Amino acid sequence: MKTYNKDNLRTKDDFRGLMMSVLEPLIEHFTEEKAGIDLGVTATTYPQKTIRFEAFSRPLWGLVPFWAGGGHHKTFEEYYRQGFTAGTDPAGKEYWGLCHAFDQRFVEMAAMAYGLILTPQILWDPLTDKEKSNLADWLYEINKYELPVCNWVMFAVLVNIALKKLGCRYDEDKLKRYLDGVDSFYLGDGWYQDGDSGQKDYYISFAIHFYSLFYVRVMNEEDHERCEIYKERAMLFAKEFIYWFDESGASLPYGRSLTYRFSQVSFFSACLMAGIEPFPVGVIKGLIVRHLCDWLRRPIFDRDDILTIGYGYPNLVMGERYNGPGSPYWAMKTFAFLMLPDDHPFWSAEAEPLPKLDEQKALIHADMLIHRYPGHVTAFVPGKYSPAGHGQTPAKYGKFAYDTYFGFSVAKSTCEIHEASPDSMLAFYINGYVYTRRVCDEFTVSDTEVDSSWVPYEGIKVRTRIIPTETGHIREHTVISGRECVAYDCGFSVQIDVDGEKEIQDKSGARVENRFAYCEVRSADETGEGTVINADPNTNLLYPMTRIPAVCYHIRKGTNVIKTVVSAECVSR
């Protein structure tokens, strides 16, 4: 994959070229009748036919705006028409099949609806009447089931809008009910929660807001009042969500579905799609360009230039049960801006830096306190999330701190400290197992600190205060324990196997450094002992090999008060 920078991502043709460099390697992997793309053998909770359908569907998030903006690609146009026909033909061997409750195919219908709404001249008009009937009937399957109370309801919204605009049977009642349901998720300051899970993560930006702003794009005349509300909420959200990005364009690794990678910035592409400008066009362009360049310098493609499951590199350890070989192509949502006309100011604008932002800001509705350090951004969170997870949930939501430079680690097991890789955690080691914060019981987030109460193990209660400082943060833990044990207060993971690496540990602290960064943790009252944890390979999301500086404390029965000072620094990229 070619290396990109702000100098070769300027014009519409530049961005089109980048998108095609990501998608064209898929062409040789289409199935015989073009209704699927076969990218691998790893499994998900849904069957291989659906896995291949997912890989077929997700490139449409980039191809559709490319077509809508005047682009042409004969092979993709022909393949997708063939695929739409073969996949919805009940008598065909590549028929996608009838649906069922909680069906992954509902997710993938959204990309098809995106295409049918914006580019019917490519995906609908050339079909025969019978092919159109099959396609419309198959999409209507989404109306035969109640969808989970989360961002999924927007998939049915998009499908029903597509069916309505094409003059086909649709469900007006579900369309209205699901739109009203999304309104019930709204919290304030532009923030939603993801339905009944209560989670606030990237699904707010690249799902709920993205689909809402697409609704603005295509339904403004029919539903102007609702569209104005969506635009107002997006403007508010942008002012807070921009804090998730550092000056290099990197965004916070936090929460689930991180294998969608550069979809993290797609909210700002959706703003352009809907015609709203929460920041000047040059600022939005600069953020998108830097974000894409930050991702494209990482080894996220395999030898055949296919996007991999993982984050900073190929990694199944961090994946969810719904991550298939084609799942990462959700990232193509970021190319929504390709639908902009050739004379839109975005194409001629210079890529500008971020606007002036507060050094520290509480995102109250997101349950997060952000501190902007030179070269990186850290988010401090209380560990509030839905306990019903999809994979590595405590690691993705329950740590004390998440950072754009240092990333975070997931566990290979809870049997040994080095396998648990509990960076940014207070990890209790009891009877050969590691216990960390899973879900907090109570919490507060203020402008100056994050306070949470949690139970890692029966008979142990912890109250943790996190206080950001100019060089890192302070952790104050009050541990009330009914047993004696040890606990490791761990700093950020630091990359090793690079230049200048060094490990230092003494009676009260530890430090890991390389030529680019360091993290140091120290017991404030020297009651703990410094140690370095040799984290298992491939546990950190950004770096395949890391070490974790930590302070080991001996926990006594009764009340223990421990205080750890964490400092970290990195070189700007």
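About 60 Å³ of space lies in the largest cavity of the structure before you, and I should say at once that this is a predicted model. A search of the whole structure finds 3 cavities of 30 Å³ or more.

Which residues line the largest cavity? The lining consists of Gln199, Lys200, Tyr254, Ala366, Asp367, Val381, Pro382, Gly383, Lys384 and Tyr397. In terms of character, these lining residues divide into 5 nonpolar, 2 polar and 3 charged.

I turn now to the aromatic residues. A pair of aromatic rings is described by the distance of the centres and the angle of the planes. The count for this model comes to 62 aromatic pairs. In the pair formed by Phe15 and Trp347, the ring centres are 6.0 Å apart and the planes stand at 55°, so the pair is classed as tilted. Phe15 belongs to helix H1 (residues 12-23) and Trp347 to helix H14 (residues 345-348), so this pair ties together parts that are 332 residues apart in sequence. Are these two residues buried or exposed? Phe15 is buried, with a relative accessible area of 0%. Trp347 is buried as well, with a relative accessible area of 9%, because the cut-off for burial is under 20%.

A second pair joins Phe237 and Phe267. Their ring centres lie 5.0 Å apart with the planes at 80°, so the geometry is edge-to-face; the angle is over 60 degrees, which is what that class requires. Phe237 sits in helix H11 (residues 224-241) and Phe267 in helix H12 (residues 266-274), so that the pair links distant parts of the chain, 30 residues apart. Both Phe237 and Phe267 are buried.

Rings in this model also meet charged side chains. Arg233 lies over the face of Tyr186, at 4.0 Å from the ring centre. Likewise, Lys239 places its charged end over the ring of Phe279, 4.4 Å from the centre of that ring.

Finally, I would draw your attention to Gln264. Where is Gln264 placed? Gln264 is found in the loop between H11 and H12, and these are the helices that hold Phe237 and Phe267 respectively. With a relative accessibility of 2%, Gln264 counts as buried. What does the side chain of Gln264 contact? One polar contact, of 3.5 Å, runs to the side chain of Trp295. Another, of 3.0 Å, joins the side chain of Gln264 to that of Tyr311.

Technical notes:
Residues numbered from 1 in each chain as written. Predicted model: local features only at pLDDT ≥ 70, side-chain atom pairs only at ≥ 80, totals over all residues. Heavy atoms only, no water. 1 Å grid on protein atoms, 1.4 Å probe; cavity = no way out; pocket = protein on both sides within 12 Å on 5 of 7 lines; lining within 4 Å. Points joined across faces, edges and corners; volume = space filled by probe spheres on them. Nonpolar A, V, L, I, M, F, W, Y, C, P; charged D, E, K, R; others polar. Phe/Tyr/Trp six-rings, centres within 6.5 Å; stacked < 30°, edge-to-face > 60°. Helix = DSSP H or I, 4+ residues; strand = E, 2+ residues; numbered from the N terminus. Buried < 20%, exposed > 50% of the residue type's maximum accessible area, 1.4 Å probe, protein only. Lys NZ or Arg CZ within 6 Å of the ring centre and 35° of its normal. Polar contact = N/O pair within 3.5 Å; in protein donor to acceptor, adjacent residues only side chain to side chain.
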